[in-house]
Amino acid sequence: MRIWIIRKKSIWIGVVALIALLSFLWMGHRAVTVSKTQRDLPIYCVDKGDEKVISISFDAAWGNEDTQQLIDIMDRYGVKATFFVVGDWVDNFPESVKALSDAGHEVMNHSNTHPHMTQISKEKMKEEVNACSDKIEKVTGKRPTLLRAPYGDYNNDVVQAVRECGCYTIQWDVDSLDWKDYGADNIVSRVVDNDHLGNGAIILMHNGAKYTPDALERVITGLQEKGYEIVP
């Protein structure tokens with residue numbers, strides 16, 4: 001008869017080896033899980049290499065009293081901006097859409113009806129994008145290549161659906177908060193003195209905000225005094 005002697009040290013080594021194996025397998029599973037949930041992000045800045053550039057963008061979803069005034073101000077300074085317009089806004093103000101395009105500004109997509117895109121199906125997302133693009137193209141002769149999601153609300157499905165419609169999703173990294181009606185001085189300060197202001201920054205403004213026309217000239221000159229070229 002053979003007698004097997006199991007020493008405590010052998011048991012301990014076996015336990016350690018088992019723990020190591022389980023940890024390895026868990027980490028492998030975790031790595032796969034992380035890779036599957038990696039976020040698909042929009043574009044947050046304008047990249048032109050070492051050039052000191054910055055972009056002013058406007059969302060147009062309501063109101064139209066000041067659009068021509070904004071065009072006139074930017075014309076005086078030779079500045080071109082990007083306007084993200086809602087399809088319903090195109091229906092209501094086609095003459096302003098054409099005026100923006102004729103003045104050399106980019107007219108881009110802001111959805112057709114301004115929904116929270118993350119709360120609708122991917123099929124509905126594409127309908128929102130394509131319907132708005134169709135309307136813009138009909139007025140300007142140019143099909144949009146950029147979209148800004150309403151409310152800045154996006155997830156992987158939104159970014160992917162927009163890409164499948166032939167567009168890039170655009171966010172911002174400097175928010176003027178002009179829609180809160182804090183006054184022109186506040187808008188200028190929030191943009192020109194913003195800690196996030198830097199090469200490639202995208203500034204968010206709105207065509208229908210109360211104090212934006214009063215602030216725009218000072219925003220432009222303030223950025224130019226800091227050495228920025230303003231580009232679409």
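The following paragraphs lead through a predicted model of one protein chain, from its overall make-up to its strands, a crossover and a helix.

The protein chain contains 8 helices and 8 strands. Of its 232 residues, 44% are buried. Among contacts with a separation of 6 or more, 77% are between residues 24 or more positions apart. The accessible surface amounts to about 12900 Å², and carbon and sulfur atoms contribute 54% of that area.

Strand E1 (53-60) offers a starting point, as it pairs with two other strands described here. With E2 (residues 82-85), E1 runs parallel and is joined by 4 bridges; within this pairing, Phe58 has Phe83 of E2 as its bridge partner. The connection involves helix H2, and E1, H2 and E2 together form a right-handed β-α-β unit. With E7, E1 is again parallel, here through 5 bridges, and Ser55 has Ile202 of E7 as its bridge partner.

Ile54 is a residue of E1. Its relative accessibility is 0%, so Ile54 counts as buried, the cut-off being under 20%. Beyond its neighbours within four places in sequence, Ile54 is in contact with Leu197, Gly198, Ala201, Ile203, Leu223, Tyr228, Glu229, Ile230 and Val231. One of these partners, Glu229, is 175 residues away along the chain, yet the C-alpha atoms of Ile54 and Glu229 are separated by 6.2 Å.

On E2, Thr82 and Phe84 point one way while Phe83 and Val85 point the other way, and all are buried. E2 also pairs with strand E3 (residues 106-109), in the parallel sense and over 4 bridges. In that pairing, Val85 is placed opposite Asn109 of E3.

Strand E7 (202-206) has a comparable alternation. Ile202, Leu204 and His206 point one way, Ile203 and Met205 point the other way, and all are buried. Because 5 of the 5 residues of E7 are buried, the strand is largely enclosed by the rest of the structure. Besides its bridges to E1, E7 is joined by 2 bridges to strand E6 (residues 174-175), and E6 and E7 run parallel. Here Asp175 stands opposite Leu204. Between these strands the chain passes from E6 through H7 to E7, a β-α-β crossover that is right-handed.

Ser176 is found in the loop between E6 and H7. With a relative accessibility of 0%, Ser176 counts as buried, since that value is under 20%. A polar atom of the Ser176 side chain lies 2.8 Å from the backbone oxygen of Leu204. Setting aside residues up to four places away in sequence, Ser176 touches Ile187, Arg190, Val191, Leu204 and Met205.

Helix H8 (residues 212-225) has 14 residues, which at 1.5 Å a residue should span 20 Å; its end C-alpha atoms are 19 Å apart, in agreement with that expectation. The buried residues of H8 are Thr212, Pro213, Ala215, Leu216, Val219, Ile220, Gly222 and Leu223. These residues pack against strand E1, helix H2 (67-77), helix H7 (184-192), strand E7 and strand E8 (229-230). One of them, Leu223, is also among the contacts of Ile54. After H8 comes Gly227, whose phi is positive, near 90°.

Conventions: Residues numbered from 1 in each chain as written. Predicted model: local features only at pLDDT ≥ 70, side-chain atom pairs only at ≥ 80, totals over all residues. Heavy atoms only, no water. Expected span 1.5 Å × (residues − 1). Buried < 20%, exposed > 50% of the residue type's maximum accessible area, 1.4 Å probe, protein only. Contact = heavy atoms within 4.5 Å. Pairing = 2+ DSSP bridges. Right-handed = clockwise from strand over helix to strand, strands pointing away. Areas by Shrake-Rupley, 256 points an atom, 1.4 Å probe, with all protein chains shown as cover. Polar contact = N/O pair within 3.5 Å; in protein donor to acceptor, adjacent residues only side chain to side chain.
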